[in-house]
Every structure is written in structure tokens, then in C-alpha cells.
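Trainee: Could we go through this structure together, beginning with its overall fold and then turning to the details?

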Amino acid sequence: MSSAEQRKNKRSKTPFDGMIDASDTSMQSRIVNISVSGILASTLVPIAEMTSVDMTIELPTAQLKLLEVEGTVVRCYPDPESPGEFLVAILFKHLDPGTYETIRTYVDFDNPLDEL
């Protein structure tokens with residue numbers, strides 16, 4: 001079974017930009033994908049596992065949606081496709097119902113052929 005088949009929640013397919021605040025460091029990142037449970041981000045510096053992070057995520061929709069969320073880094077490893085970058089898996093701590101619905105709607109919109 002592939003890792004995609006093991007995922008509980010559907011993920012977006014289109015990368016976009018975001019900001020991650022970890023400890024005293026704020027960094028621009030590329031959000032590789034997002035789901036209602038968390039994100040996979042690409043950063044230029046590693047972030048230690050179990051680090052709490054605050055994120056500003058601007059969903060690239062017709063009416064840009066700015067989301068402020070908290071999460072915990074659950075994995076960080078070198079990006080095999082982009083030397084010098086790191087892939088950081090972040091699990092959301094809590095999403096209010098509005099943010100959950102906004103992300104779910106975005107992911108569904110970014111996966112239009114999944115419904116066919």
C-alpha cells in the first residue's frame with residue numbers, strides 16, 4: 001500500500017507560499033500540500049521535530065484566505081528533489097470549524113477530478 005493510500009485526509013496538489021514562525025525564527029516556506037490535519041512545507045533550514053510552530057497560510061483562492069494556525073513538527077528531512085532544502089511535516093494542533101471548512105473546501109477544489 002502506498003503512503004498516499006494510507007493517508008486519512010485528502011491533500012492539495014498545488015504548492016503555494018506560506019510563513020512559519022518557529023521559536024524566534026520566522027521563515028518563508030513553500031507549502032507543498034495541505035490537508036485538514038496538517039501541511040508539508042519546504043524550507044531552507046531544518047526545524048527540529050516536536051517544535052511548536054505558528055503559521056500564516058494564504059490559500060491561493062479567488063478571494064485570498066489568510067489562515068493563522070498552530071502546529072507541531074512531526075518530521076523534518078532533506079528534500080531529495082531540492083538539495084539544500086528540507087521537507088517539514090507539520091500536524092495542526094487545533095483548527096476552529098471555520099478554518100477546517102476553508103481548508104477542506106480548498107483541498108476539494110484543488111482535486112476536481114477526484115469526484116468523477
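Trainee: In this predicted model, in what order do the six strands close into a barrel?

Mentor: The pairing in the barrel is antiparallel, and the twist from one strand to the next averages 45°. Following the six strands around until the barrel closes gives the order β1-β2-β3-β6-β5-β4.

Trainee: Which residue in β2 is the bridge partner of Gly18?

Mentor: β1 and β2 pair in the antiparallel sense, with seven bridges between them. In the bridge that involves Gly18, the partner in β2 is Ser29.

Trainee: What angle does the direction of α2 make with that of β5?

Mentor: Helix α2 covers residues 97-109 and reaches 18 Å from its first C-alpha to its last, close to the 18 Å expected at 1.5 Å a residue. This helix packs on the sheet, where it touches β1, β2, β4, β5 and β6. Its direction makes an angle with that of β5 of about 70°.

Trainee: Why are the buried residues of α2 on the same side?

Mentor: The residues in question are Thr99, Ile103, Tyr106 and Val107, each of them buried. On the other side of α2, Pro97 and Phe109 are exposed. The buried four lie on the same side of α2 because the arc they cover around the axis is only 100°.

Trainee: Which residue caps the N-terminal end of α2?

Mentor: The contact to look for joins a side-chain oxygen to the backbone nitrogen of Gly98, with 3.0 Å between the two atoms. The residue that supplies this oxygen, and so caps the N-terminal end of α2, is Asp96.

Definitions and conventions
Residues are numbered from 1 along each chain as its sequence is written. This is a predicted model: local features need pLDDT of at least 70, side-chain atom pairs count only at pLDDT 80 or more; totals for chains, interfaces and linings use all residues. Side-chain values use heavy atoms; hydrogens and water are left out. The expected span of a helix is 1.5 Å times one less than its number of residues. Buried means under 20% relative accessible area, exposed over 50%, partly exposed in between (1.4 Å probe, protein chains only). The arc is that of the directions from the helix axis to the C-beta atoms. A polar contact is a pair of N or O atoms within 3.5 Å; within protein, one must be able to donate a hydrogen and the other to accept it, and residues adjacent in sequence count only if both atoms are side-chain atoms. Two strands pair if DSSP finds at least two bridges between them. Axes are lines fitted to C-alpha atoms, for helices over the stretch in contact, and angles run from 0 to 180 degrees between N-to-C directions. Contact means heavy atoms within 4.5 Å.
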